[in-house]
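Good morning, everyone, and thank you for making the time. Please have the sequence and the structure open in front of you, and I will go through them slowly, one part after another.

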Amino acid sequence: MSLDDFPYAQSSGRFASCAALQDQPLALIGVPWDGSVTNRPGARLAPQSIRAVSQSLCDATHPVFDISPLPWMGDGGNLRLPNATGLEAARAAIQAQAAPLMQRHHCVFLGGDHAITLPLLRAMKQQHGTLALLHFDAHCDTWEDHFGEPSGHGTWTREAIEEGLVSAHHTVQVGLRSAAERSAREYVRDRGGLIYHARDLWGCEGTQLAPLLQTVRERIGQQPVYLSLDIDCLDPAFAPGTGTPEPGGMTSSQVLTLLEEWHDLNWVGMDLCEVAPPYDHAELTSNAASAFVWTYLCGRTKAR
Ligand SMILES: [Mn+2]
């Protein structure tokens with residue numbers, strides 16, 4: 001039995017009626033790996049689920065940008081990953097396959113659990129140098145270890161800073177609210193970065209987000225910036241289908257506002273992680289993920 005026999009590994013379907021990846025500038029790539037989840041597994045099933053719901057959600061022009069990315073994007077299917085092996089082998093395979101794709105395309109990666117981001121950033125560093133990072137998440141992902149393991153889906157932000165893949169001063173975290181020891185929870189701020197905890201954002205919609213929008217814009221400027229969006233930044237009411245849900249999270253409209261307003265930053269790529277379809281209801285979580293990815297792609301198209 002080969003890897004191709006498993007449905008999650010197959011590249012069934014494509015995103016939003018887009019063509020297969022050839023030489024289009026924008027590429028969508030699935031990374032179906034969830035061997036590092038803390039609580040509920042299932043994120044390996046996310047790429048096919050996000051693609052499936054996108055078919056009806058993203059098939060015309062964007063309501064703000066009045067543009068469609070479809071002529072400029074291709075779906076490259078899923079990376080081929082050794083799900084039967086451990087984290088390091090999976091990360092090596094992700095980096096090796098992602099690096100040449102990044103050289104030819106502006107890539108959006110559909111995780112997978114959040115452990116996939118570290119090898120993506122390693123490949124990004126080789127191409128762009130040290131990056132700015134915009135990180136949406138309920139969790140700080142700056143823990144010192146992963147329940148006794150040296151690395152996991154909750155350590156990558158710390159590792160990316162320690163490895164010099166991203167600049168701590170140009171790292172911005174939005175939506176944090178999970179329990180964690182203070183040293184982990186405030187790791188990024190203690191090193192000069194910015195943290196907007198979910199509590200800072202409660203009740204803030206529309207123009208009330210202006211100070212945050214401006215502060216982050218001034219901080220990141222025109223630095224090459226990578227977007228890593230954990231769907232659990234959203235409240236479980238908006239995104240129940242995720243491995244480690246945390247009550248008290250962001251609204252869909254908050255995230256959409258930030259993505260739309262920051263569309264003209266100097267983005268170099270994006271990932272969207274931790275959608276776990278087995279715990280989803282009415283495809284709410286995959287729908288939100290699909291809309292966020294589409295918004296990013298429309299923004300890149302507009303900025304071109
Ligand atoms: Mn998270």
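Let me begin with a question: what covers the buried residues of α2? Before answering, I should say that this is a predicted model, so please hear everything that follows as a description of that prediction.

Helix α2 takes in residues 87-104, and its buried residues are Leu87, Ala90, Arg91, Ile94, Ala98 and Met102,. The cover over these residues includes the strands β2 (26-31), β4 (106-111) and β9 (267-273), together with the helix α3 (117-128).

We can also check the length of this helix, because 18 residues at 1.5 Å a residue should span 26 Å, and the end C-alpha atoms of α2 are indeed 26 Å apart, which agrees. The helix also has a bend of about 25° at Ala98, and a proline, Pro100, follows within four residues.

Now let us step back to the whole protein. There are ten helices and nine strands, and the C-alpha trace spans about 50 × 45 × 40 Å along its principal axes. For a compact globule of 304 residues we would expect a radius of gyration near 19 Å, and the protein has 17 Å, which agrees. Buried residues make up 54% of the 304 residues, and, of the contacts with a separation of 6 or more, 78% are between residues 24 or more positions apart.

How are the strands ordered in the sheet? The nine strands form an open sheet with parallel pairing, in the order β1-β3-β2-β4-β9-β8-β5-β6-β7. The edges are taken by β1 (19-20) and β7 (194-197), each of which has a single partner strand, so one side of each is left without a neighbour in the sheet.

Let me take a few of these pairings in turn. Strands β1 and β3 run parallel and are joined by two bridges, with Ala19 opposite Gly74 in β3. Strands β2 and β3 also run parallel, joined by four bridges, and here Leu28 stands opposite Asp75 in β3. As for β3 itself, five of its six residues are buried, so this strand is largely enclosed by the rest of the structure. Further along the sheet, six bridges join β8, residues 225-230, to β9, again running parallel, and the bridge partner of Val225 in β9 is Trp267.

Next come two helices that lie across the strands. Helix α8, residues 210-220, lies across β5 (131-136), β6 (166-176), β7 and β8, and runs at about 160° to β6. Helix α10, residues 284-303, lies across β2, β3 (73-78), β4, β8 and β9, and runs at about 175° to β9.

Is α10 largely enclosed or largely open? Of its 20 residues, 16 are buried, so α10 is largely enclosed by the rest of the structure. From its first C-alpha to its last, α10 reaches 29 Å, close to the 28 Å expected at 1.5 Å a residue.

One residue of this helix is Ser290, which counts as buried because 26 C-beta neighbours lie inside 10 Å. Leaving aside neighbours within four places in sequence, Ser290 is in contact with Ile50, Val53, Ser54, Leu57 and Cys58.

I would like to finish with some local details of the backbone. A cis peptide bond, with omega about 10°, joins Gly111 and Gly112, and Gly112 is found in the loop between β4 and α3.

Two residues, Asp141 and Ala282, have a positive phi of about 55° although neither is a glycine. Which of them is buried, and which is exposed? Asp141, in the loop between β5 and α4 (156-162), counts as buried because it has 30 C-beta neighbours inside 10 Å. Ala282, in the loop between β9 and α10, has 9 other C-beta atoms within 10 Å and is therefore exposed.

Finally, Asp141 and Arg185 are 44 residues apart in sequence, while their C-alpha atoms are 8.3 Å apart in space. Arg185 is found in helix α5, residues 182-185, and counts as buried with 21 C-beta neighbours inside 10 Å. Not counting residues up to four places away in sequence, Arg185 touches Cys140, Leu176 and Ala180.

Methods: Residues are numbered from 1 along each chain as its sequence is written. This is a predicted model: local features need pLDDT of at least 70, side-chain atom pairs count only at pLDDT 80 or more; totals for chains, interfaces and linings use all residues. The expected span of a helix is 1.5 Å times one less than its number of residues. The bend at a residue is the angle between axes fitted to the seven residues ending there and the seven starting there. A residue is buried if 20 or more other C-beta atoms lie within 10 Å of its own, exposed if 12 or fewer, and partly exposed in between; C-beta atoms are placed from the backbone. Two residues are in contact if their C-beta atoms, placed from the backbone, lie within 7 Å. The radius of gyration is taken over C-alpha atoms; the globule rule is 2.2 Å times the number of residues to the power 0.38. Two strands pair if DSSP finds at least two bridges between them. Axes are lines fitted to C-alpha atoms, for helices over the stretch in contact, and angles run from 0 to 180 degrees between N-to-C directions.
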